[in-house]
Amino acid sequence: MSKPIGPDDVTLLKTTQIPGEVFAAFNECIARHFRCTSANFTQDEVLAEVRKRLPEDQHAHIFQRGWMDVEQSYKAMGWSVSYDKPGYNETYAATFTFAKRRKP
């Protein structure tokens, strides 16, 4: 029997719904761009990596199912994650930044 999900359980459930190929693509980009304490890369770069790994018939699901929304999953693993996208009337590339979380 199912029960309602609690707020603390959402990250774990969401993580299990994102294909491993998506995390593999993000991991590749993090490793490729990691310098000293952080990695910064564009959404287009990681999206290209995701598309290389997923079957073509799943490409339409990438955004529909929120598979690129990995921030909370990585935060749960100890990363500080930010996503920056252009606002109205701005024209720069959307970027992800993954940084080592500072220890208190």
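This is a short tour of a three-stranded sheet, the helices on it and the aromatic rings around it.

The model is predicted: local features need pLDDT of at least 70, side-chain atom pairs count only at pLDDT 80 or more, and totals for chains, interfaces and linings use all residues. Residues are numbered from 1 along each chain as its sequence is written, and side-chain values use heavy atoms, with hydrogens and water left out.

**Stop 1: the sheet**

Select residues 38-42, strand E1, and 79-84, strand E2. Add residues 95-100, strand E3. Strands here are DSSP runs of E with at least two residues, and helices are runs of H or I with at least four; both are numbered from the N terminus. Two strands pair if DSSP finds at least two bridges between them.

The three strands make an open sheet in the order E1-E3-E2, with antiparallel pairing. E1 and E2 are the edge strands, each pairing on one side only. Neighbouring strands are turned by 15 degrees against each other on average, direction ignored. (Axes are lines fitted to C-alpha atoms, for helices over the stretch in contact; angles run from 0 to 180 degrees between N-to-C directions.)

**Stop 2: across the strands**

Five bridges join E1 to E3. Show Phe41: its bridge partner in E3 is Phe96. Now show Thr42, which stands opposite Thr95 in E3. On to E2, which pairs with E3 over six bridges. Pick Tyr83; its bridge partner in E3 is Phe96.

**Stop 3: the helices**

Select residues 20-33, helix H2. H2 packs on the sheet and touches E1, E2 and E3; contact means heavy atoms within 4.5 Å. The direction of H2 makes about 120 degrees with that of E1. Next, select residues 43-53, helix H3. H3 also touches E1, E2 and E3, at about 80 degrees to the direction of E1.

**Stop 4: the rings**

The whole structure holds twelve aromatic pairs. (Rings of Phe, Tyr and Trp, the last by its six-membered ring, pair if their centres lie within 6.5 Å; planes under 30 degrees apart count as stacked, over 60 as edge-to-face and the rest as tilted.)

Show Phe26 and Phe96. They form an edge-to-face pair, 5.1 Å centre to centre, with 90 degrees between the planes. Phe26 lies in H2 and Phe96 in E3, so the pair ties together parts 70 residues apart in sequence.

Are these rings buried or exposed? Phe26 is buried at 0% relative accessibility, and Phe96 is buried at 1%. (Buried means under 20% relative accessible area, exposed over 50%, partly exposed in between, with a 1.4 Å probe and protein chains only.)

Add Tyr83. Tyr83 and Phe96 form a tilted pair, 4.8 Å centre to centre and 45 degrees between the planes. Tyr83 is partly exposed, at 33%.

Last, select Phe23, Phe26, Phe34, Phe41, Tyr74, Trp79, Tyr83, Phe96 and Phe98: they form one aromatic cluster.
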